[in-house]
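This briefing sets out the strand pairing and the internal spaces of one protein chain. Please view the sequence and the structure together before reading the points below.

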Amino acid sequence: VPARLRTACKVAWDDRAIYFAARADEPDMQGVRDSLSKVKNGPWGTDTIEFFLDLNRDKSTYYQFCTNSRGEKWEARITTKDLFDGSSASWRCEWTSTGKILNDGWTVEAAIPYTCFDLRPSLNIGEVIGVNICRSDVRKKEYTSWSCTFGDFRTPAAFGLLSGIDVELKPFRYEVAGIDWQRDRVRASVRNHTGSRQQVKATFVAESPEGRLHTAPAQGRMS
């Protein structure tokens with residue numbers, strides 16, 4: 001069924017991140033503003049756009065990024081136990097999103113760095129990935145998507161395909177895990193998923209409750 005209102009999105013990428021720029025047409029912008037004013041901490045409860053990525057196209061594991069016209073964010077990593085060693089709570093993704101309200105619609109721009117993803121060579125991530133871009137109008141209860149999922153947006157088997165991604169991913173094939181804070185010392189393990197022996201110079205950066213940044217060279221061995 002064709003969407004009542006038009007939603008357009010452009011996707012780009014470089015050697016650091018994948019980018020989304022979406023525009024949602026909306027004649028009732030006062031309604032959008034009203035819904036935003038009623039929700040202190042979004043994006044849930046407001047009109048949103050979601051970006052879904054199935055990098056290895058296994059049609060079961062994927063990443064979900066949700067944002068709104070206020071630039072509020074939510075993200076999830078939907079996976080299996082054999083893909084990631086840690087719990088979902090151990091995953092952190094430092095992605096950015098900005099939103100803007102127009103007279104006849106609203107926009108979002110998102111940048112998702114490759115550091116958010118598991119990029120091990122064994123996952124066979126190529127130049128074609130699974131993608132979906134979805135819009136939710138909570139006021140009118142209308143839910144539309146670029147690739148129709150016939151229901152739940154979280155259906156990776158129904159994602160569309162994005163091709164032509166030619167990026168060198170080796171610099172991002174390292175995993176930091178097991179972070180342990182002990183008074184004035186921090187311990188963590190860095191795992192090498194590049195497929196070959198590497199020498200890496202690493203620096204830990206910690207932020208204090210007062211907002212001060214502390215840096216120190218990492219000491220230890222690569223696993």
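Within strand 7, valine 108 is the bridge partner of glycine 99. That pair belongs to the antiparallel pairing of strand 6 (residues 96-101) with strand 7, which is joined by 6 bridges. The model is a predicted one, and the points below begin with strand 7 before turning to other parts of the chain.

**Strand 7 and its partners**

- Strand 6 leads into strand 7 through a hairpin of 3 residues.
- Strand 7 also pairs with strand 2 (residues 17-25), again in the antiparallel sense, and this pairing extends over 9 bridges.
- In the pairing with strand 2, isoleucine 112 of strand 7 is the bridge partner of isoleucine 18.
- Of the 9 residues of strand 7 (residues 105-113), 8 are buried, and the strand is therefore largely enclosed by the rest of the structure.
- Buried here denotes a relative accessible area under 20%.

**Strands 13 and 14**

- Strand 13 (residues 203-207) is paired with strand 14 (residues 213-217) through 5 bridges, and the sense is antiparallel.
- Threonine 203 lies opposite proline 217 of strand 14.
- The hairpin formed by strand 13 and strand 14 has 5 residues between the strands, and glycine 211 in this hairpin adopts a positive phi near 95°.

**The chain as a whole**

- The secondary structure of the protein chain consists of 1 helix and 14 strands.
- The protein chain has 223 residues, of which 38% are buried.
- When contacts between residues at least 6 apart in sequence are considered, 56% of them link residues at least 24 apart.
- The exposed area of the protein chain is about 13,900 Å², and 49% of this area is supplied by carbon and sulfur atoms.

**The second largest pocket**

- The volume of the second largest pocket is about 430 Å³.
- The lining of this pocket comprises 22 residues, and those closest to the pocket centre are Ala3, Ile133, Thr144, Ser145 and Trp146.
- Two or more lining residues come from each of strand 1 (7-13), strand 8 (128-137) and strand 9 (142-145).
- Strand 1 provides the largest share of the lining of the second largest pocket, namely 4 residues.
- By class, the lining of the second largest pocket contains 14 nonpolar, 5 polar and 3 charged residues.

**The second largest cavity**

- How many cavities of 30 Å³ or more does a search of the whole structure find? The search finds 2.
- The second largest cavity holds about 70 Å³ of space.
- Its lining is formed by Arg4, Leu5, Thr7, Arg135, Ser136, Asp137, Glu142 and Thr144.
- Strand 8 and strand 9 each contribute at least two residues to the lining of the second largest cavity.
- The largest share of that lining, 3 residues, is provided by strand 8.
- The lining of the second largest cavity divides into 1 nonpolar, 3 polar and 4 charged residues.

**Elements found in both linings**

- Thr144 lines the second largest cavity, and Thr144 is also one of the residues closest to the centre of the second largest pocket.
- Strand 8 and strand 9 each give two or more residues to the lining of the second largest pocket, and each supplies at least two residues of the lining of the second largest cavity.

Note on methods: Residues are numbered from 1 along each chain as its sequence is written. This is a predicted model: local features need pLDDT of at least 70, side-chain atom pairs count only at pLDDT 80 or more; totals for chains, interfaces and linings use all residues. Side-chain values use heavy atoms; hydrogens and water are left out. Two strands pair if DSSP finds at least two bridges between them. Buried means under 20% relative accessible area, exposed over 50%, partly exposed in between (1.4 Å probe, protein chains only). Contact means heavy atoms within 4.5 Å. Accessible areas come from the Shrake-Rupley method with a 1.4 Å probe; for residues, only the protein chains shown count as cover. On a 1 Å grid over the protein atoms alone, a cavity is a set of points where a 1.4 Å probe fits but cannot get out, and a pocket is an open set with protein on both sides within 12 Å along at least five of seven lines; lining residues have an atom within 4 Å of a point. Grid points are joined across faces, edges and corners, and a volume is the space filled by probe spheres set on the points. Ala, Val, Leu, Ile, Met, Phe, Trp, Tyr, Cys and Pro count as nonpolar, Asp, Glu, Lys and Arg as charged, and the others, Gly among them, as polar.
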